[in-house]
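This report walks through one protein chain for a reader who has not met it before. Please keep the sequence and the 3D view at hand while reading.

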Amino acid sequence: MVEAPDPEPLDAALSAQYELIRQRFVAGLKGRQQEIDAAEGTAMLHAALHRLAGAAGSFGYANLDCMAREALRAPEAGATERLTSCLNRLKQEIHRLTDS
């Protein structure tokens, strides 16, 4: 009979792998910011913000997720100033996460 693995080491191993993935996500945030800055047109900006929001939420960065989603909604409301403000706050949050 095969014994089930001890769940404690497995949980620790999964936690360590998850933390590595989170670190890779944070390391890639400057690239995501560059993608947002370089977006030409609403569709490209929407796609970049959507990807950021989804990934941020998946990796437990709720504040970043909310900021990206708020920026996603701004063009739909026709609020150019609001979009600019959202993008500036998003940039500050990315800077905070990548420099800490």
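The protein chain exposes about 6,600 Å² of surface, and carbon and sulfur atoms supply 56% of that area. The model behind this value is a predicted one. Of the 100 residues in the protein chain, buried residues make up 29%.

The protein chain holds 5 helices and 0 strands, so that, read from the N terminus on, its elements run α-α-α-α-α. Among the contacts in the protein chain with a separation of 6 or more, 54% are accounted for by residues that lie 24 or more positions apart.

**The nonpolar core**

In soluble globular proteins, nonpolar side chains tend to be buried together. Here the largest nonpolar core has 25 residues, and those that touch the most other members are Phe25, Leu29, Leu52, Tyr61, Leu64 and Leu90. The elements that give two or more residues to this core are α1, α2 (29–38), α3, α4 and α5, and the largest share, 7 residues, comes from α3. Leu29 can serve as an example of how a core member is placed: leaving out residues up to four places away in sequence, Leu29 touches Leu52, Leu64, Ile94, Leu97 and Thr98.

Helix α3 itself can be checked against its expected length. How far should the 17 residues of α3 span at 1.5 Å a residue? The expected span is 24 Å, and the end C-alpha atoms of α3 are 24 Å apart, which agrees. The buried residues of α3 are Leu45, Ala48, Leu49, Leu52, Ala53, Ala55 and Ala56. After α3 comes Gly60, whose phi is positive, near 85°.

**Aromatic residues**

The structure holds 3 aromatic pairs. One of them is formed by Phe25 and Phe59, a tilted pair with 5.2 Å from centre to centre and 35° between the planes. This pair links distant parts of the chain, since Phe25 belongs to helix α1 (residues 7–27) while Phe59 sits in the loop between α3 (42–58) and α4 (62–76), 34 residues apart. Both Phe25 and Phe59 are buried. Ring pairs further link Tyr18, Phe25, Phe59 and Tyr61 into a cluster.

Tyr61, a member of that cluster, lies in the loop between α3 and α4. Is Tyr61 buried or exposed at 15% relative accessibility? Tyr61 counts as buried, because its 15% falls under the 20% limit for that class. Not counting residues up to four places away in sequence, Tyr61 touches Arg22, Phe25, Val26, Ala56 and Leu97. Of these, Leu97 is 36 residues from Tyr61 in sequence, yet the two are 9.7 Å apart in space, C-alpha to C-alpha.

**Polar and charged residues**

Which polar contacts join the side chains of Gln33 and Glu93 to other residues? The table gives one for each.

| Residue | Partner | Polar contact between side chains |
|---|---|---|
| Gln33 | Asp37 | 2.8 Å |
| Glu93 | Arg96 | 2.7 Å |

Gln33 has its place in helix α2 and, at 8% relative accessibility, counts as buried. Apart from residues up to four places away in sequence, Gln33 touches Leu90, Lys91 and Ile94. One of these, Leu90, is also listed among the residues of the largest nonpolar core that touch the most other members.

Glu93 is found in helix α5, and it counts as buried too, with a relative accessibility of 7%. When its neighbours within four places in sequence are left aside, Glu93 is in contact with Asn63, Leu64 and Met67. Leu64, again, is one of the core residues that touch the most other members.

Arg82 also lies in helix α5, which covers residues 80–98. How should its relative accessible area of 33% be classed? Arg82 is partly exposed, because 33% lies between the limit of 20% for buried residues and that of 50% for exposed ones. Arg82 and Glu70 are 12 residues apart in sequence, with 9.1 Å between them in space, C-alpha to C-alpha.

Conventions
Residues numbered from 1 in each chain as written. Predicted model: local features only at pLDDT ≥ 70, side-chain atom pairs only at ≥ 80, totals over all residues. Heavy atoms only, no water. Helix = DSSP H or I, 4+ residues; strand = E, 2+ residues; numbered from the N terminus. Buried < 20%, exposed > 50% of the residue type's maximum accessible area, 1.4 Å probe, protein only. Contact = heavy atoms within 4.5 Å. Areas by Shrake-Rupley, 256 points an atom, 1.4 Å probe, with all protein chains shown as cover. Phe/Tyr/Trp six-rings, centres within 6.5 Å; stacked < 30°, edge-to-face > 60°. Expected span 1.5 Å × (residues − 1). Core = buried A, V, L, I, M, F, W, Y, C linked by side-chain atoms within 4.5 Å. Polar contact = N/O pair within 3.5 Å; in protein donor to acceptor, adjacent residues only side chain to side chain.
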